Amino acid sequence: MAEKILVTGGAGYIGSHCVLELVEAGYVPVVIDNFHNAIQGADALPESLRRVQQIVRQPILFQELDITDEAALQELFSKHHFSAVMHFAGLKAVGESVQKPLEYYRVNLTGTIRLLETMKTHGVRNIVFSSSATVYGDPKYLPLDENHPVGGCTNPYGKSKYFIEEMIRDLCKAERDWNAVLLRYFNPIGAHESGMIGEDPQGIPNNLMPYVAQVAVGRREFLNVFGNDYTTDDGTGVRDYIHVVDLAKGHIAALKKLKENCGCKIYNLGTGTGYSVLQMVRAMEKASGREIKYKITGRREGDVASCYANPALAERELSWKAAFGLDKMCEDLWRWQLQNPTGFSKNAVAR
């Protein structure tokens, strides 16, 4: 029997790419999502998953569900026998988290507590958690390895990721039959090479590359570059960008690690290479063949000059390594943007 994996927040950007990789790897994903950051397509399915179905040519099990709804979670776990959970669901906009801290803590923390409690009740003790390099705060040294101090987060979003990591670590310490892999993502970009699924931010993109792509496709006039006086080669901020398909494959590797009764393990998922904002703009100009206009403005509060991973531990212990370079990331992002200039919404059903 193929293993059933519960995927929370599986209609989102990273979640949907992981659902696709799960199917390709022979698992049966069961997806829950509350449509907070997903567009509804036909058949009550999120449009992202409707397209995943088209790519893999088999149906995806989906239920609309909010992880803060304990009764619904209990019912779901009674209906299915899960061998593990991949936990993506949560609120994720840094700026918004500063404005609405309680909402971020309510959804991200209590949602995760309810999920863990339900897992415990039903004897499911394997979890892969979607964490973030934001838990490292301002880098004390580079590249960032997993031993770098954590918790010096500058916003409630980052703190919620850190608190969840701590909850899971404490749980694994208290109950030795739990296994968890905490994956600290760097900056996922790009899209599946079909161009059918990709990142579709609602409203003004918070992340650099969707914004750059929208400028290239003509949806936005120019890019604001926040600060060009950082101590980097060209003065703009440097980040570690990773192809979302590489990231998704890292989750499959993490699932295999759980099988070893690994206890609680933490891995960076990044490439180990940092690129500046202006390097990314130039790479996107190359991929799209279009000029991308930008304006230099002041620094954004909470931004660090440079942040990139040491991904050696994941390579050593998960046998995982990012395979795709910057050109491929930008080509795939551009294909998605060109085929879907308004994201998923042109096929969408109004909710």
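Begin with the enclosed space: there is one cavity of 30 Å³ or more. A cavity is here a set of points, on a 1 Å grid over the protein atoms alone, where a 1.4 Å probe fits but cannot get out, and its lining residues have an atom within 4 Å of a point. Volume is the space filled by probe spheres set on the points, with grid points joined across faces, edges and corners. The model is a predicted one, in which local features need pLDDT of at least 70 and side-chain atom pairs count only at pLDDT 80 or more, while totals for chains, interfaces and linings use all residues. Residues are numbered from 1 along each chain as its sequence is written, and side-chain values use heavy atoms, with hydrogens and water left out.

**Stop 1: the cavity**

Select Glu-199, Asp-200, Pro-201, Gln-214, Arg-219, Trp-336, Gln-337, Asn-340, Thr-342 and Gly-343, which line the largest cavity. The space inside amounts to about 30 Å³. By class, this lining holds two nonpolar, five polar and three charged residues. In this classification Ala, Val, Leu, Ile, Met, Phe, Trp, Tyr, Cys and Pro are nonpolar, Asp, Glu, Lys and Arg are charged, and the others, Gly among them, are polar.

**Stop 2: helix H7**

One of the lining residues, Gln-214, leads to helix H7, residues 208–216. Helices (H or I, at least four residues) and strands (E, at least two) are DSSP runs, numbered from the N terminus. Is H7 enclosed by the rest of the structure, or open? Nine of its nine residues are buried, so H7 is largely enclosed by the rest of the structure. Buried denotes under 20% relative accessible area, exposed over 50%, and partly exposed in between, with a 1.4 Å probe and protein chains only.

Next, show what covers the buried residues of H7: the cover includes strand S7 (187–189), strand S8 (223–226), strand S10 (241–243), helix H9 (277–288) and helix H11 (326–339). Just after H7, select Gly-218, which takes a positive phi of about 95 degrees.

**Stop 3: the second largest pocket**

A pocket, unlike a cavity, is an open set of points with protein on both sides within 12 Å along at least five of seven lines. The second largest pocket has a volume of about 240 Å³. To display its lining, select Asp-145, Glu-146, Asn-147, Arg-169, Arg-184, Cys-264, Ile-266, Asn-310, Ala-312, Leu-313 and Arg-316. Strand S11 (264–269) and helix H10 (312–318) each supply at least two of these residues. Which element gives the largest share of the lining? Helix H10 does, with three residues. By class, the lining has four nonpolar, two polar and five charged residues.

**Stop 4: Glu-165**

Arg-184, part of that lining, is also touched by Glu-165. Glu-165 lies in helix H6, residues 156–174. At 0% relative accessibility, Glu-165 counts as buried. Its contacts, meaning heavy atoms within 4.5 Å, are Phe-129, Ser-131, Val-135, Leu-182 and Arg-184, not counting residues up to four places away in sequence.

**Stop 5: strands S1 and S2**

Move to strand S1 (residues 4–8), which pairs with S2 in the parallel sense over five bridges. Two strands pair if DSSP finds at least two bridges between them. Select Val-7 and Val-31 in S2 to see two residues that stand opposite each other. Five of the six residues of S2 (residues 28–33) are buried, so this strand is largely enclosed by the rest of the structure.

**Stop 6: Cys-18**

Cys-18 is in helix H1, residues 13–24, and at 1% relative accessibility counts as buried. Beyond residues up to four places away in sequence, Cys-18 touches Met-86, Phe-88, Ala-248 and His-251. Cys-18 and Phe-88 are 70 residues apart in sequence, with their C-alpha atoms 10.0 Å apart.

**Stop 7: the three-stranded sheet**

Three strands form an open sheet of mixed pairing, in the order S12-S9-S14. Strand S12 (275–276) and strand S14 (306–307) stand at the edges with a single partner strand each, so one side of each is left without a neighbour in the sheet. Strand S9 (residues 238–239) runs parallel to S14 and is joined to it by two bridges. Select Arg-239, which stands opposite Cys-307 in S14.
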